[in-house]
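Reader: I've got a model open and a few labels I'd like to pick apart. Can you walk me through what stands behind them?

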Amino acid sequence: MGRLLNYEDITIRDLTANLDAAEFDPYIVEAEEVDIKLILGNVLFTDLVNNLTSSDPNYVFLLDGGSYADGSYTYEIKGLRYALEYYALARYMENPYIHTQTGFTNHSDEFGTKPTKSELDKLANNVRSVAWSVMDDIKKYLNAKNSDFPLWNCDSQGNRSGSVKLSIL
């Protein structure tokens, strides 16, 4: 199975300047398998991943975003890859620990202070809110173009039938 996003494709926040692929890739995989798959549903997600090399314009648009018309209005959306970058970054930010031979540790040094877990969680939620906003636009797009995406099944509010609805308290 392919990947929706590779480390080399990351475009946000100069993230790759201080982070190597081996360290960040697991967060990309988690974000794909949990965040994106939960919203798209297993069937659409699997079909999309299995057809990554396809030139299907519907999947290309879904991945990369762009402008689309619905009725007399034109909308602009970011693609799944953009949302995925933010989901992965939020997951990375929530895990300030490194794994050593003796277990997990919180790295610190004399050159600065690390943010608290609470501060990191707040930052991660801010980053995740970007992904949520993008995914909300993507759900609206899928609803508007549902004849182009027969594997997308949802009600009038954009909720996938049989999916889990999560709320943050």
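Author: Here is a short chat about a helix and its salt bridges. This is a predicted model, where local features need pLDDT of at least 70, side-chain atom pairs count only at pLDDT 80 or more, and totals for chains, interfaces and linings use all residues. Residues are numbered from 1 along each chain as its sequence is written, and side-chain values use heavy atoms, with hydrogens and water left out.

Reader: What makes helix 1 a helix, and where is its kink centred?

Author: Helices are DSSP runs of H or I with at least four residues, numbered from the N terminus. Helix 1 covers residues 21–40, and its kink of about 30 degrees is centred on Ala-31. The bend at a residue is the angle between axes fitted to the seven residues ending there and the seven starting there. Just after helix 1, Gly-41 has a positive phi of about 90 degrees.

Reader: Why is Glu-32 called buried or exposed?

Author: Buried means under 20% relative accessible area, exposed over 50%, and partly exposed in between (1.4 Å probe, protein chains only). Glu-32 has 3%, so buried is the word. Other buried residues in helix 1 include Phe-24, Tyr-27 and Ile-28. Among the elements covering them are helix 2 (42–50), helix 4 (80–93) and helix 5 (117–144).

Reader: How do you know that Asp-25 and Arg-3 form a salt bridge?

Author: The term asks for a side-chain nitrogen of Lys or Arg within 4 Å of a carboxyl oxygen of Asp or Glu. Here the N to O distance is 3.7 Å, so the pair qualifies. Asp-25 lies in helix 1 and Arg-3 in the segment before it, so the bridge ties together parts 22 residues apart in sequence. Asp-25, at 23%, is partly exposed, and so is Arg-3, at 26%.

Reader: Which residue besides Asp-25 does Arg-3 meet, and what makes that a network?

Author: Arg-3 also meets Glu-32 in a salt bridge, at 3.9 Å, N to O. Those two are 29 residues apart. Salt bridges that share partners join Arg-3, Asp-25 and Glu-32 into one network.

Reader: How many salt bridges are there in the whole structure, and what is the distance for Arg-81 and Asp-64?

Author: The search finds eight. In the Arg-81 and Asp-64 bridge, the closest N and O atoms are 2.8 Å apart. Arg-81 sits in helix 4 and Asp-64 in helix 3 (residues 57–64), 17 residues apart. Arg-81 has 22% relative accessibility and counts as partly exposed, as does Asp-64 at 46%.

Methods. Contact means heavy atoms within 4.5 Å.
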